Amino acid sequence: MGKYAFYPGCVSQGACPELYQATKAIAHKLGIELVELTGASCCGAGTFKETDPFLEDTVNARNISLAEELGLPLMTQCSTCQGVIGAVNDRLKLGDPEQRLRVNQELATTGREFRGTTEVLHLLWVIMRDYGLDRLQSQVVRPLHQLKCGAFYGCYLLRAQTHNRFDDPWQPQSLEQVFRAVGAEPIYYQGRNQCCGFPLSSYDPTSAFRIAGGHLRTAQQAGANCLVTPCPLCHLQLDARQPEIRSQVEAVAELPVLHLSQLIGLALGLSATELGCDRHIVPTLKLLES
C-alpha cells in the first residue's frame, strides 16, 4: 500500500514505548511498509535552534538524507519530530542556498548529503493523504461509538512548517476527520491546537502543569471522555504527568489519553494489549471496555 522510511523519535522508544508498538502494529495491519531509520539521531525537539540553528539544520539534514538514500518519504509519528524535521526539509529546499551549502559541507565529512528529494510526513498525513479515510473506514471492524475524543494536535505539527502544511494551523480538522472515520465522536474545546506545556517542564513545572491542566479541564467540560494526540511528547505530558497536574489544578478528573495509532488500532480490531494501552499512567481499560 505504501512504503516509508520510519523515524520513530526518542520518546516513543524511551518514555512511551507503547506508542512505537502501536504504530508498528497498525502499519502491519494496514499493509503500510515501514523501514526503520535505526541510524537516525534525535531531532533536538526544537531546543538545538535556541543556541545553534545550524546544528538543528545539520542534524536533521542528516536524518533526511537517510530516507533519501532509500528513495522513500520519511514518516514520523510525533508532532514535534514532524515540525522540526519538516521545517528543516522546507528550509533547506526552499530557503537560503548558502545555508544548504554550509550544511552539506558539514555532512560531507561523514559521507552524507542533503539532496532535497523526499518528503517528511507525519503518520496522520500518511493516513489522510496516502492511505485515505474511505479506505481506513472500510477496514474498521470495531466502530468506536462510545469514544468522545478531544483532539490534541501538538503545536509543532500545525505551525512549525511554513511551506508544506497539511492542515489549517489554527482551525485544524484532520484528527476530527479520523475520529469520524473510526466511528468516534469529535469533541471540540479550547486548547486542542495549543501547546501542552512540555517545553516548560524542565525549568517551570508549575506553569507547565497549569497549562496542561487547563486543557484537560476544558476538554472534560466540553464532554470528552478521552484525549487523542499524534505526539508522544504531548502524550507524556498529558498522561504520564497527569497525577501531578491534577494535584495542582482544580476540577480535573482522570482523563485517558490515546495516541493516534492506538485509536486507529482499536478500530481495526487490535487488542488494547497489542497497542500498549495497558501501559498508560492514566488507566484506559475501563473506558475501552465500553
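This passage describes two buried polar residues and two pockets in a predicted model.

Threonine 229 makes a good starting point. The residue sits in strand S7, which spans residues 226–229, and counts as buried because its relative accessibility is 0%. Its side chain has polar partners in the backbone: a polar atom of that side chain lies 2.9 Å from the backbone oxygen of phenylalanine 152, and the side chain also reaches the backbone nitrogen of cysteine 231 at 3.1 Å. Beyond neighbours within four places in sequence, threonine 229 is in contact with Phe152, Cys234 and His235, as well as with Val257, Leu258, His259 and Leu260.

Asparagine 60 belongs to helix H3 (residues 53–70). With a relative accessibility of 0%, asparagine 60 counts as buried. A polar atom of its side chain is placed 3.0 Å from the backbone oxygen of glutamate 56. Setting aside neighbours within four places in sequence, the contacts of asparagine 60 are Cys43, Val84, Ile85 and Val88.

Turning to the pockets, the largest has a volume of about 340 Å³. Its lining comprises 19 residues, of which Ala45, Tyr156, Phe198, Pro199 and Leu233 are the closest to the centre. At least two lining residues come from each of helix H4 (79–94), helix H8 (155–159) and helix H11 (232–240). By class, this lining holds 11 nonpolar, seven polar and one charged residues.

The second largest pocket has a volume of about 150 Å³. Among the residues that line it are Arg142, Pro143, Leu144, His145, Gln146 and Leu147, together with Leu266, Ala272, Leu287, Leu288 and Ser290. Here the lining is made up of seven nonpolar, three polar and one charged residues.

Terms used: Residues numbered from 1 in each chain as written. Predicted model: local features only at pLDDT ≥ 70, side-chain atom pairs only at ≥ 80, totals over all residues. Heavy atoms only, no water. Helix = DSSP H or I, 4+ residues; strand = E, 2+ residues; numbered from the N terminus. Buried < 20%, exposed > 50% of the residue type's maximum accessible area, 1.4 Å probe, protein only. Polar contact = N/O pair within 3.5 Å; in protein donor to acceptor, adjacent residues only side chain to side chain. Contact = heavy atoms within 4.5 Å. 1 Å grid on protein atoms, 1.4 Å probe; cavity = no way out; pocket = protein on both sides within 12 Å on 5 of 7 lines; lining within 4 Å. Points joined across faces, edges and corners; volume = space filled by probe spheres on them. Nonpolar A, V, L, I, M, F, W, Y, C, P; charged D, E, K, R; others polar.
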